[in-house]
Amino acid sequence: MKTIKRITAIILTLTLALSVAWSAQPVKAIDCAGGKDCYSTKVDKNGFYIKKGVLIRYLGNKKKLTLPKKVKAIGEAAFEITDCYKGYVKTLIIPKTCKTIKKEALIFSGIKKVVMKEGVKTLKKRCFADTYLKKVYFPKSVKKIGRSIMETEEGLQGTKIYVYKNSKAHKYFKKTKNQPYGNYKLKIR
């Protein structure tokens, strides 16, 4: 009986010690982004999980968000709405230090406005797919654009796409095969 009490006391002490140690760890959240198996992400106090310059996930609650300068690329499903992230960001400002927006980076995100600063160079296929943006600003610096970057199932509704005349983005959207489905206006800056 004494042995059982001692073992129970040791287990309780270890559990308490582990819970105190665990609470000092970075915030963690379970995430099921991109239809992949659930995995654990480590986010900083501002809600960012950045690994080797790639924004893997944002789990913060800002409505207007400017990405930190250390972000060199936005990863797949970085803003996807899940049980852990409710899609708070409505305006996303992408700084010149972010060079690449990867495949399906903003898919199912709830973001309504994207402003890319001069310096963004590569937009991978479907990077804004199923995002239903209302406004998106493309810089002159974009040099590579993948296919179907603004593809949606239901089609865009009143979206304004801002491009510079004769820029890569302007030429991209002028081609019939690259035009998004739905109601949108191409605005020349």
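Where does R126 lie, in terms of the strands that flank its loop? R126 is found in the loop between β10 and β11, where strands are DSSP runs of E with at least two residues, numbered from the N terminus. The model is predicted, so local features need pLDDT of at least 70 and side-chain atom pairs count only at pLDDT 80 or more, whereas totals for chains, interfaces and linings use all residues. Residues are numbered from 1 along each chain as its sequence is written, and side-chain values use heavy atoms, with hydrogens and water left out.

**Exercise 1. Trace the salt bridges that involve R126, and state how covered each partner is.**

Step 1. A salt bridge is defined as a side-chain nitrogen of Lys or Arg within 4 Å of a carboxyl oxygen of Asp or Glu, and a search of the whole structure finds three of them.

Step 2. E104 forms one with R126, with the closest N and O atoms 2.7 Å apart. This pair links distant parts of the chain, since E104 sits in the loop between β8 and β9 and R126 in the loop between β10 and β11, 22 residues apart. Both E104 and R126 are buried, a word that stands for under 20% relative accessible area, while exposed means over 50% and partly exposed lies in between (1.4 Å probe, protein chains only).

Step 3. R126 also forms a salt bridge with D130, the closest N and O atoms being 3.9 Å apart, and both of these residues are buried.

Step 4. The side chains of R126 and E151 meet in a salt bridge at 2.0 Å, N to O. Here too the pair links distant parts of the chain, with E151 in the loop between β12 and β13, 25 residues from R126. R126 counts as buried because its relative accessibility is 16%, whereas E151 is partly exposed because its relative accessible area is 36%. Through shared partners, these salt bridges join E104, R126, D130 and E151 into one network.

**Exercise 2. Compare the backbone of R126 with that of F108, and place F108 in the chain.**

Step 1. R126 has a positive phi of about 55 degrees although it is not a glycine.

Step 2. F108, which is not a glycine either, has a positive phi of about 50 degrees.

Step 3. F108 is located in the loop between β8 and β9, and it counts as partly exposed because its relative accessibility is 41%.

**Exercise 3. Work out the order of strands in the open sheet, and identify which strands stand at its edges.**

Step 1. The open sheet has six strands in the order β3-β4-β6-β8-β10-β12, with mixed pairing. β3 (48–51) and β12 (144–145) stand at the edges, each with a single partner strand, so one side of each is left without a neighbour in the sheet.

Step 2. Two strands pair if DSSP finds at least two bridges between them. Strand β10 (residues 122–123) is joined to β12 by two bridges, and the two run parallel; within this pair, T122 stands opposite K144.

**Exercise 4. Follow the parallel pairings of β7 and of β13, giving a facing residue pair for each.**

Step 1. β7 is joined to strand β5 (residues 64–66) by three bridges in the parallel sense, and L65 stands opposite L92 of β7.

Step 2. Four bridges join β7 to strand β9 (residues 113–116), again running parallel, with I94 opposite M116 of β9.

Step 3. From β7, T91 and I93 point one way and L92 and I94 the other way, and all are buried.

Step 4. β13 (residues 156–163) pairs in the parallel sense with strand β11 (residues 135–137) over three bridges, where Y137 stands opposite Y162. β13 also pairs with strand β14 (residues 182–188), in the parallel sense over seven bridges, and there Y162 stands opposite K187.

**Exercise 5. Decide whether K96 and G60 are buried or exposed, and locate each residue.**

Step 1. K96 lies in the loop between β7 (91–94) and β8 (100–101), and K96 is exposed because its relative accessible area is 57%.

Step 2. G60 is found in the loop between β4 (54–58) and β5, and G60 is buried because its relative accessible area is 10%. The C-alpha atoms of G60 and K45 are separated by 8.6 Å, the two residues being 15 apart along the chain.
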